[in-house]
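Q: Please take a close look at one part of this model, the open sheet and the helix that packs on it. Then place that part in the rest of the chain.

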Amino acid sequence: MHSGIQENFTWNRGHILASGSNKVTLLVEWFGGSFRQSRRRNTPKLIAQDVQLHLWLEPQVTLVRIHGAKAMTNLGQSLMIPLGDLYDGVKQFLAIELALQPQGAGMHGVLSAQWKFKERNKERIKELPVKELYMNYTYHTGLLQEPESFHVRKHVMLLETQSILKEAIRLFEHGDIERGEWLLRRKGDEMLIEAARHTDERLLEEADMLYQLSEHYVGTYRSQKVLIVKNG
């Protein structure tokens, strides 16, 4: 176990086509402390401060987008993603979409990752060992047809919710009520389908939240529109 931060890196698929360009998603999870349900704290214990994830992409790899965070430094193949503080028992996520160029069949490096942070009540920056991540390129059609990781897809959907909500609010504020409603309900429908397919309560709750927000914003902004018309 690493001091301060524990991590999981999960690809959305285990194999990609060797002869073609591919887009893949890497889910990054980081956490500290324990997850015992019986444990109760009014104030969570601070595990690490100023957490940063440093990434170095291989030459054949291009960043497409990051869900759940924003890279502060983007110098070609080198990225630094600031992630704030980490508290006991709190698991956090981000997802990185990458475009990969063709390679010969076999395992090839995609990126290297390193965590940097300050331990509680310390100013010195602690660095964890650099970890190299690989992808398996193949021509084997059976391997290529394996389903994508639901765990990764689920958390990408959850991470996308915030940006979709912001865009919907922007549309509502600019008077495009129909488009804002459609955006929220479409995302809710997508989550509801996945929740039913995989019996996932978290996605079900998120879908319900989006439907409720859609009704709330539609009612609010239509009322405002009526008042503007009456007072105009």
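A: The answer starts with the sheet and its helix, then moves outward to the other strands, the cavity and some single residues.

The model is predicted. The open sheet has four strands in the order S1-S3-S8-S5, and their pairing is antiparallel. Strand S1, residues 6-11, and strand S5, residues 61-67, are the edge strands; each has a single partner strand, so one side of each has no neighbour in the sheet. From one strand to the next the twist averages 25°.

At the S5 edge, the pairing can be followed residue by residue. S5 and strand S8, which covers residues 92-100, are joined by six bridges and run in the antiparallel sense. Within this pair, leucine 63 has leucine 98 of S8 as its bridge partner. Helix H2, residues 150-173, packs on the sheet and touches S1, strand S3 (22-31), S5 and S8. The direction of H2 makes about 80° with that of S3. In a regular strand, side chains alternate between the two faces of the sheet.

Histidine 155 gives a view of this packing from the helix. This residue is found in H2. Its relative accessibility is 9%, so histidine 155 counts as buried, the limit being under 20%. Leaving aside residues up to four places away in sequence, histidine 155 touches Leu27 and Phe93. Leu27 falls within the range of S3, and Phe93 within that of S8.

A second set of pairings is built around strand S9, residues 106-119. S9 runs antiparallel to S4, with eight bridges between them. In that pair, tryptophan 56 stands opposite serine 112 of S9. Seven bridges join S9 to strand S11, residues 131-138, again in an antiparallel arrangement. Here alanine 113 has lysine 131 in S11 as its bridge partner. S9 is also joined to strand S10, residues 125-127, by three bridges, and these two run antiparallel. Lysine 116 stands opposite glutamate 127 of S10. S9 and S10 form a hairpin with five residues between the two strands. In its turn, asparagine 121 has a positive phi of about 65°.

Positive phi values also occur elsewhere in the chain. Most residues other than glycine have a negative phi. Aspartate 50 has a phi near 50°, a positive value in a residue other than glycine. This aspartate is placed in strand S4, residues 46-57. At 42% relative accessibility, aspartate 50 counts as partly exposed. Threonine 199 likewise has a positive phi, near 50°. Threonine 199 lies in the loop between helix H3 (177-198) and helix H4 (201-231). With a relative accessible area of 72%, threonine 199 is exposed.

Methionine 80 belongs to strand S7, residues 78-87. Its relative accessible area is 11%, and methionine 80 is therefore buried. Leaving aside residues up to four places away in sequence, methionine 80 touches Gln52, Leu53, His54, Ala71, Met72 and Thr73. Of these contacts, Gln52, Leu53 and His54 fall within the range of S4. A separation across the chain can be given from the same methionine: methionine 80 and glutamate 206 are 126 residues apart in sequence, and their C-alpha atoms are 30 Å apart in space. Glutamate 206 falls within the range of H4.

Empty space inside the model comes next. Rolling a probe the size of a water molecule over the atoms shows where empty space is left. The count comes to one cavity of 30 Å³ or more. About 30 Å³ of space lies in the largest cavity. Its lining consists of Arg13, Gly14, His15, Leu143, Glu146 and Pro147. By class, that lining has two nonpolar, two polar and two charged residues.

The totals for the whole chain set these parts in context. The protein chain has four helices and eleven strands. Its C-alpha trace spans about 65 × 50 × 40 Å along the principal axes. Of the 232 residues in the chain, 39% are buried. Among contacts between residues at least 6 apart in sequence, 74% join residues at least 24 apart.

Key: Residues numbered from 1 in each chain as written. Predicted model: local features only at pLDDT ≥ 70, side-chain atom pairs only at ≥ 80, totals over all residues. Heavy atoms only, no water. Pairing = 2+ DSSP bridges. Axes fitted to C-alpha atoms, helices over the stretch in contact; angles between N-to-C directions. Contact = heavy atoms within 4.5 Å. 1 Å grid on protein atoms, 1.4 Å probe; cavity = no way out; pocket = protein on both sides within 12 Å on 5 of 7 lines; lining within 4 Å. Points joined across faces, edges and corners; volume = space filled by probe spheres on them. Nonpolar A, V, L, I, M, F, W, Y, C, P; charged D, E, K, R; others polar. Buried < 20%, exposed > 50% of the residue type's maximum accessible area, 1.4 Å probe, protein only.
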